[in-house]
Amino acid sequence: MKIEENKIKEYSGTSFSVTKTNGVSKIDFGDKKYIENTNHYGKVFLGDCDPCTKIKALYNNFTFDKILIGGLGLGLLPEYAKSVKNCSIIDVVENNQELIDYVDYLESPINIIKGDALSYTPDKKYDLILIDLWWEEEDVTQEIQDNIKNNYNSYLETNGKIILPLLEKQL
């Protein structure tokens, strides 16, 4: 599931830019850090990618309806959670106000919250908390993982999960 291309506008801002090449949007944060508007992103990070055995295994015998996503990007993960997974609660924590203002094409039940996903305190419990904040595995230290687990564990429903898809890991 990707975002409808006609909803995504080209943009040049201070923290990112969005361009279109051959009709495909790409958000570029600099330093070779970008996300393309393609179908695979949601499939991979939300467990529906058949060749992605490690991430897919994290979702074995696990269903979710209420999801908190750390990191907005183009909005591919919340859109997939809405359109494919049919989640009733989709909250996204993002600290970049410029990005929040830009991604104005996501619709209910997607709720974007301005905040730092590493320290955000939810006001409800979730089945799945998915943290998608990093580009490189070495940036996700054990200390960060412990902080995420300590911060969010009490906001998980029974049998809920915290998943770091970059590490292909559940906390």
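1. The link of C49 and C52 is right-handed, with 55 degrees about the S-S bond. The model in which this link appears is a predicted one. The sulfur atoms of C49 and C52 lie 2.1 Å apart and are joined as a disulfide. A disulfide is a covalent bond between the sulfur atoms of two cysteines. Both C49 and C52 are buried, and the structure holds one disulfide.

2. The cysteine C87 deserves a separate remark. Why does C87 form no bond with C49? The closest cysteine sulfur to that of C87 belongs to C49, but it is 18 Å away, which is too far for a bond; a disulfide requires sulfur atoms within 2.5 Å. C87 has a relative accessible area of 5% and is therefore counted as buried.

3. Charged pairs form the next topic. Side chains of opposite charge can pair when their charged atoms come close. The structure holds seven salt bridges, and one of them joins K20 to E5, with 3.0 Å between the closest N and O atoms. Because K20 belongs to strand β2 (residues 17-21) and E5 to the segment before β1 (11-12), this pair ties together parts that are 15 residues apart in sequence. K20 is partly exposed, at 30% relative accessible area, whereas E5, at 17%, counts as buried.

4. A salt bridge also connects K66 with E157, whose closest N and O atoms are 2.4 Å apart. This pair links distant parts of the chain, since K66 is in strand β5 (residues 66-70) and E157 is in strand β9, 91 residues away. E157 has a relative accessible area of 26% and is partly exposed.

5. D91, D123 and K124 should be considered together, as salt bridges link them in a network. Within this group, K124 pairs with D123, the closest N and O atoms being 3.4 Å apart. Is D123 buried or exposed? With 63% relative accessibility, D123 counts as exposed, while K124, at 27%, is partly exposed.

6. The surface also carries a patch of negative charge, where E136, E137, E138, D139 and E168 gather. Where in the chain is E168 found? E168 is located in the loop between β9 (156-164) and β10 (169-170). Its relative accessibility is 36%, so E168 counts as partly exposed. Strand β9, which precedes the loop of E168, is also the strand that contains E157, the partner of K66.

Definitions and conventions
Residues are numbered from 1 along each chain as its sequence is written. This is a predicted model: local features need pLDDT of at least 70, side-chain atom pairs count only at pLDDT 80 or more; totals for chains, interfaces and linings use all residues. Side-chain values use heavy atoms; hydrogens and water are left out. Patches are made of residues with over 30% relative accessible area and no salt bridge: like charges are joined within 9 Å, nonpolar side chains (Val, Leu, Ile, Met, Phe, Trp, Tyr) within 5 Å. Accessible areas come from the Shrake-Rupley method with a 1.4 Å probe; for residues, only the protein chains shown count as cover. A salt bridge is a side-chain nitrogen of Lys or Arg within 4 Å of a carboxyl oxygen of Asp or Glu. Lys and Arg count as positive and Asp and Glu as negative; His and the chain ends are not counted. The place of a charge is taken as NZ of Lys, CZ of Arg, CG of Asp or CD of Glu. Helices (H or I, at least four residues) and strands (E, at least two) are DSSP runs, numbered from the N terminus. Buried means under 20% relative accessible area, exposed over 50%, partly exposed in between (1.4 Å probe, protein chains only).
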